[in-house]
Amino acid sequence: MHSPLALVRDAQTDRSTVHRSTTHRSADSQYSQQDLTDDASLQTSSQGVETSGVETSGVETSGAARGEGPFDALEYLVGVNLARLRAERQLSLDALARASGVSRAMLAQVESARSVPSIKVLCKVAAALKVSVSAFLRRHAVSGFEHLPADRAARRVSADGRYSARALYPEDGPASAEFHELRIAPLHTEPGTRRAPGTTVNLVVSEGTLEVSVHDRRQLLATGDAIVFDADQPHSLRNPGDTEARVFRVTLNAETPPRWDVP
């Protein structure tokens with residue numbers, strides 16, 4: 001059986017075969033319609049598959065769930081998280097429907113990324129699963145918390161090894177706030193990276209002393225002192241002491257529209 005593309009190519013190269021190509025194209029259309037029907041039946045039948053006693057809605061295997069638009073991606077993200085949370089608790093769709101008061105059909109549609117639930121529906125499901133509503137909208141801490149072992153944390157170290165920054169939050173996507181532990185060697189000065197307007201930095205000195213320079217102003221901080229400044233200005237951090245300084249930094253990023261990019 002010729003493919004539609006092959007038939008078009010044949011028609012362009014040999015006009016005398018137009019009638020034959022049209023006939024084949026008509027036959028191919030009938031087969032294509034049958035294939036689509038079979039595919040739809042297959043997708044429908046796969047909705048009730050059980051894995052380890054827990055039903056799945058096919059959200060992680062369905063290519064259609066990964067839409068190209070931002071709302072399609074949001075549907076996929078919510079569906080993946082709901083399916084994961086339910087599977088972790090060994091709940092069937094029927095069991096979760098009874099516990100949440102949300103219909104089984106609605107839960108199946110959400111998990112298969114065919115529908116974005118309302119806030120009211122998400123609140124009901126979140127209460128039944130004992131998680132925050134935000135657990136459906138992120139890629140980390142989907143069970144309400146996430147352990148970040150110190151020995152596996154990523155550290156950014158300067159070329160001379162006299163400055164390091166350890167992330168104290170999951171760095172798997174854009175975040176509205178960042179949390180770092182900084183270690184600065186004695187007499188070392190670390191230039192700050194200027195951020196977008198609207199970004200603020202909050203520092204608190206846990207050990208040692210720290211001198212913060214913002215433009216031409218300097219502020220000396222002792223252990224326990226804190227400071228807040230706009231990070232779009234030129235700034236630097238200097239340890240004026242003879243022992244290592246340990247500082248915690250919270251960065252509040254400028255507000256931007258949410259991004260629902262799903263890899």
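Helices, α4 among them, are here DSSP runs of H or I that span at least four residues, numbered from the N terminus. In this predicted model, the residue G101, just after α4, takes a positive phi of about 80°. Within α4 itself, the buried residues are L93, A95, L96, A97 and S100.

The helix α4 (93-100) also takes part in the largest nonpolar core, to which α3 (70-88), α5 (104-111) and α6 (119-129) likewise each supply at least two residues. This core comprises 19 residues, and those with the most contacts inside it are L82, L107, V125, L129, V131 and F136. The greatest contribution comes from α6, which gives five residues to the core. The surroundings of L82 illustrate how these parts meet: when residues up to four places away in sequence are not counted, L82 touches L96, L107, V110, E111, V125, L129 and F136. A second core, separate from the one described above, consists of 17 residues and includes L221, I227, F229 and V247.

A search of the whole structure for aromatic pairs returns one such pair. The arrangement of a pair of aromatic rings is described by the distance of the centres and the angle of the planes. The pair is formed by F179 and F248, whose rings lie 6.1 Å apart from centre to centre with 40° between their planes, a geometry that is classed as tilted. Because F179 belongs to strand β5 and F248 to strand β12, the pair ties together parts that are 69 residues apart in sequence. The two partners fall into separate accessibility classes: F179, at 33% relative accessibility, counts as partly exposed, whereas F248 has a relative accessible area of 19% and is therefore buried, the cut-off for burial being under 20%.

The strands β5 and β12 also contribute to the second largest pocket, which has a volume of about 420 Å³. The pocket is lined by 22 residues, of which Y163, G192, T193, R195 and R249 are the closest to its centre. The elements that give two or more residues to this lining are β3 (155-157), β4 (163-167), β5 (177-184), β6 (189-191), β7 (200-207), β11 (235-238) and β12 (245-252). In chemical character, the lining of the second largest pocket divides into ten nonpolar, six polar and six charged residues.

How values were computed
Residues numbered from 1 in each chain as written. Predicted model: local features only at pLDDT ≥ 70, side-chain atom pairs only at ≥ 80, totals over all residues. Heavy atoms only, no water. 1 Å grid on protein atoms, 1.4 Å probe; cavity = no way out; pocket = protein on both sides within 12 Å on 5 of 7 lines; lining within 4 Å. Points joined across faces, edges and corners; volume = space filled by probe spheres on them. Nonpolar A, V, L, I, M, F, W, Y, C, P; charged D, E, K, R; others polar. Core = buried A, V, L, I, M, F, W, Y, C linked by side-chain atoms within 4.5 Å. Buried < 20%, exposed > 50% of the residue type's maximum accessible area, 1.4 Å probe, protein only. Contact = heavy atoms within 4.5 Å. Phe/Tyr/Trp six-rings, centres within 6.5 Å; stacked < 30°, edge-to-face > 60°.
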